[in-house]
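Student: I should like to go through the chain contacts of this model and ask what justifies each term applied to them. May we begin with the structure in view?

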Amino acid sequence: MTDTVSSPMLEIRHVTKSFGQLSAVKDVNLAINKGEIFALLGGSGCGKTTLLRMMAGFETPTEGAVLIDGQDVSNVPPYKRPVNMMFQSYALFPHLTVEQNVSFGLKQDKLPKAEIETQVHKMLGLVHMTEFAKRKPNQLSGGQRQRVALARSLAKKPKVLLLDEPMGALDKKLRSQMQLEVVDIIESVGVTCVMVTHDQEEAMTMADRVSIMHDGEIMQIGSPSEIYEFPNSRHTAEFIGSVNIFDATVQHVSPELSQFSCPDLACTLSVEGGVNAVEGAQVGVAVRPEKILMSREQPQQSNNWIKGKVQDIAYLGGHSVYHVELDSGKVVMATTTNMNRHEQRLTWKDEVYLYWPASSAVVLYQ
Amino acid sequence: MKKFGVRSVIAVPYLWLLVFFLVPFLIVFKISFSEMQYAIPPYTDLVTWADEVLTINLNLGTYAYLINDDLYIRAYMSSVRIAFFATVCALLIGYPIAYAIARADTATRNALLMLVMLPSWTSFLIRIYAWVGILKNNGLINNGLMGIGIIDEPIAMLNTEFAVYLGIVYAYLPFMVLPIYTNLVKLDNSLLEASADLGCAPWKTFLTVTLPLSKAGIVAGCMLVFIPSVGEFVIPEMLGGAETLMIGKVLWQEFFNNRDWPVASAVAIVMLLLLLVPITFFHRYKARELES
Amino acid sequence: MQTGKLSNWSKWFLSLGFFFLYAPIIILVIFSFNKSELVTVWAGFSFKWYGELFRDPQMLGAAWISLKIAVLAASAAVVLGTMASMVMVRMGAFKGKTAFTSMITAPLVMPEVITGLSLLLLFVAMGQTLGWPGQRGMLTIWIAHVTFCTAFVAVVISSRLQELDESIEEAAQDLGAPPWKVFFLVTLPIIAPALVSGWLLAFTLSLDDLVIASFVSGPGATTLPMQVFSSARLGISPQINALATIIIGLASLAVLIAWWFARREGMRSVTISEN
């Protein structure tokens, strides 16, 4: 067998997009592989939608290039790109039936009638909408509209499928069900997919790789678990899930276990692995709330523990989030699972010890 | 190719308006500076080329005439006065109607709105004509009142300024109601509830919340009534009689009866200058609405 | 705004308002069936004036001219108005866009005597310098009507275009339709109801215009309002009442049909959004 180095299906090379003085996207580089589901995740105004619209061709990059399957399409208009998009509002044609919506793109390619019919039938089957073929969009529910929009954007067998806030128009309950269903459909077709979302749960559920965008730049790219477990910046750590960050000074660096001092803690902080910083440097040490343990007694370990007072408890059913105030005034969050119904739980004003293993913390440089 | 398509979509309406809307005004402006003569066309040329000498005859006499003969000044003043008070009346009648319609439930609302607009889909001329039969000395009102014995002699209503007010309010009322309604219907009811919740009495809520928020509609409605009313011809002609002086009528007479094109043009130019402020006001509002 | 029961106060005001708006029209209609020549004294029911109206060649001729002009002017105004709306709503900024928007909206409020006079002077000047139009008549009335109707049509259509989700048009492009095809396959069918109401509005405006037509018309082209005006000047005539009744009847019918269609559309979307 020979190794074939497959080139990426979609490539963004040094792309910048400016609207007057404002840069919505700043020198972004991305390579998205064939068959991958890739999510652009970020808050509103971070440039993710502008980036997606440049992939679709609705915006042209001010600088840089967009390549699809190795070809530069930066100046190709949207109607000539082998890319299809599912819009946030679904943008179904209100005057056409479900069937006509799905066949719209195929008709633009002037395919033979029989071929169009087969493909439409196949697509409607794929999204389980065959029985609604003759309906108009305003006679469908939200979930059904989404299926039609998906079928319509897949009908032309695009090289890349773009999803703009795919679950944005659905209510919460339907959302989690559709997330998995949409992924199943995309994977069964095998199309390369780029989605834009502000919902981290959605990105983590659906995507193989996630990139965090902030202020027009890409902060981090990785698998959902990489991004959650090993954030590389304060922004990423805070954006994905909740986190406690301690401002700390590097004390001792070693490849196995590094030591830090932190004014909030009486003891030293230790983090597994080496650090990319010299001794004396200022860094952040991040610990996720679910990785922090709580007890009324002082823990055995000599590092990574703090004493505090329970200030607030958020009971969320499956688990509770405790807000513990340290002597320094800093508030640390810790999560516990509510496994037993009748256990003596910690309550307000209780004094508690918080502790965690060195393997649970992550060092943040910026 | 694409550029060509885009350009022609812009160019066709642009050129049409340029030729048939903007250029005509320039011509009116030009002719207002020429002198009347008995010829075809009945005005002198501004620029003549004779004996290899280019002469420009800029005649300011027409404008001097407009100022000296107090007929024109009185006509302008009374036009503005009539249009202004008629607009105020239309607002006082139209606002409560618009408000009441906006507060109705959706189905009733559409029916009511249709009923307000329906008259303006029938002929303007005929609706004004209808009032002639009602207002004249042996018309419906006078006959009725005399029949019951309230009055012995007919009250003169036709051919008075009162009839002109009535006619303007009657004809232009839908144009007042519609923009105010459009504005009021968008008003979020929770704002009114919030105001009530914060202890504001209904009438005070109306004055401090509803009225300021419907300002745009009021402005649009007033402009839609005021501007055309100033130049109105049909209403003073049919209901106002010889007594009522309005500039639209004067322009018509200058043009059709006296065949004095330069004076008619000058009258038009001055009217346009008079209306420039309200028209720009209206445009600012309309352009914002159209382009946003 | 609040959707609820009308207060007594509102009902009172609406009733008075509608009385004011409709009483003159209803009186006009009633007296069109009056036997007497005196328009204000009831002398028995008769269709006499309708008969006379339909035997009046001048009235019929004028009506025919007006209808022809109105149909042609409304059609042209819809085309121009649609183009103008696309420019205003869908196209980005370009040099002279503000001037463009002002020119579109200016005829909305321009006093008719000014528009009429200025167009006439244009036609005279053009006739002298270009030799066209040689004679004023239907063509010049048509041009004048297209010009001021375009403004009204543009307002109706652009407000519909603003409501239209732009991503629907983007979706069509995304699926491979070039811009001109997007317009004809997607935009136009969706805004079609606005085109119809724009056309109807332009049609009525053209049919109704007296002042502008009087200015730009020439010998041989007398429109219906011009005819009505000259006979109304001579005094009240029951024949005009008969004509008015016909116009009011047709207009009400058209509006009722439009309303019924709109209502049906509305009901359908309501029932769907509820489930």
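Tutor: A polar contact is a pair of N or O atoms within 3.5 Å, one able to donate a hydrogen and the other to accept it. The model is predicted, and with that rule 6 residue pairs in polar contact are found across the interface of chain C and chain B, both residues of a pair being at pLDDT 80 or more.

Student: Which element of chain C gives the largest share of the side that touches chain B?

Tutor: Helix H1 (residues 8–32) of chain C does, with 14 residues. By class, that side of chain C has 65 nonpolar, 21 polar and 3 charged residues.

Student: What makes chains B and C a pair in contact, and how many residues take part?

Tutor: Contact requires heavy atoms within 4.5 Å. On the side of chain C 89 residues are in contact, and on the side of chain B 102 residues. Of the 2 pairs of chains in contact, chains B and C share the most contacts.

Student: What is the area buried between chain C and chain B, and what share of it do carbon and sulfur atoms give?

Tutor: The area is about 8,600 Å², and carbon and sulfur atoms give 80% of it. The count of salt bridges between these two chains is 0.

Student: Why is the pair C:Glu170 and A:Arg53 called a salt bridge?

Tutor: The rule asks for a side-chain nitrogen of Lys or Arg within 4 Å of a carboxyl oxygen of Asp or Glu. The closest N and O atoms of C:Glu170 and A:Arg53 are 2.7 Å apart, and the pair therefore satisfies the 4 Å limit. The count between chain C and chain A is 1 salt bridge.

Student: How many residue pairs are in polar contact between chain C and chain A, and which elements of chain C give two or more residues to the side that touches chain A?

Tutor: There are 9 residue pairs in polar contact, both residues at pLDDT 80 or more. The elements are helix H7 (166–174) and helix H8 (179–208) of chain C. H7(C) provides the largest share, 7 residues. That side of chain C divides into 12 nonpolar, 3 polar and 4 charged residues. The area buried between chain C and chain A is about 2,000 Å², with 60% from carbon and sulfur atoms.

Student: What makes helix H1 (residues 48–56) of chain A mostly covered?

Tutor: A residue is buried when its relative accessible area is under 20%, and 8 of the 9 residues of this helix are buried. Among them are A:Leu51, A:Leu52, A:Met54 and A:Met55, as well as A:Lys48 and A:Arg53. H1(A) is followed by A:Gly57, which has a positive phi, near 105°.

Student: How do you know that no contact joins chain A and chain B?

Tutor: Contact is decided by heavy atoms within 4.5 Å, and no contact joins chain A and chain B. Their closest C-alpha atoms lie 11 Å apart.

Student: What is the radius of gyration of chain B, set against that of a compact globule of 292 residues?

Tutor: Chain B has 24 Å, whereas a compact globule of 292 residues would have a value near 19 Å. The C-alpha atoms of chain B fill a box of roughly 85 × 75 × 35 Å along the principal axes. The secondary structure of chain B comes to 13 helices and 2 strands, and buried residues make up 52% of the chain.

How values were computed. Residues are numbered from 1 along each chain as its sequence is written. Chains are lettered from A and ligands numbered from 1 in the order in which they are written. This is a predicted model: local features need pLDDT of at least 70, side-chain atom pairs count only at pLDDT 80 or more; totals for chains, interfaces and linings use all residues. Side-chain values use heavy atoms; hydrogens and water are left out. Buried area is the accessible area (1.4 Å probe) that two parts lose on being put together, summed over both. A polar contact is a pair of N or O atoms within 3.5 Å; within protein, one must be able to donate a hydrogen and the other to accept it, and residues adjacent in sequence count only if both atoms are side-chain atoms. Helices (H or I, at least four residues) and strands (E, at least two) are DSSP runs, numbered from the N terminus. Ala, Val, Leu, Ile, Met, Phe, Trp, Tyr, Cys and Pro count as nonpolar, Asp, Glu, Lys and Arg as charged, and the others, Gly among them, as polar. The radius of gyration is taken over C-alpha atoms; the globule rule is 2.2 Å times the number of residues to the power 0.38. Buried means under 20% relative accessible area, exposed over 50%, partly exposed in between (1.4 Å probe, protein chains only).
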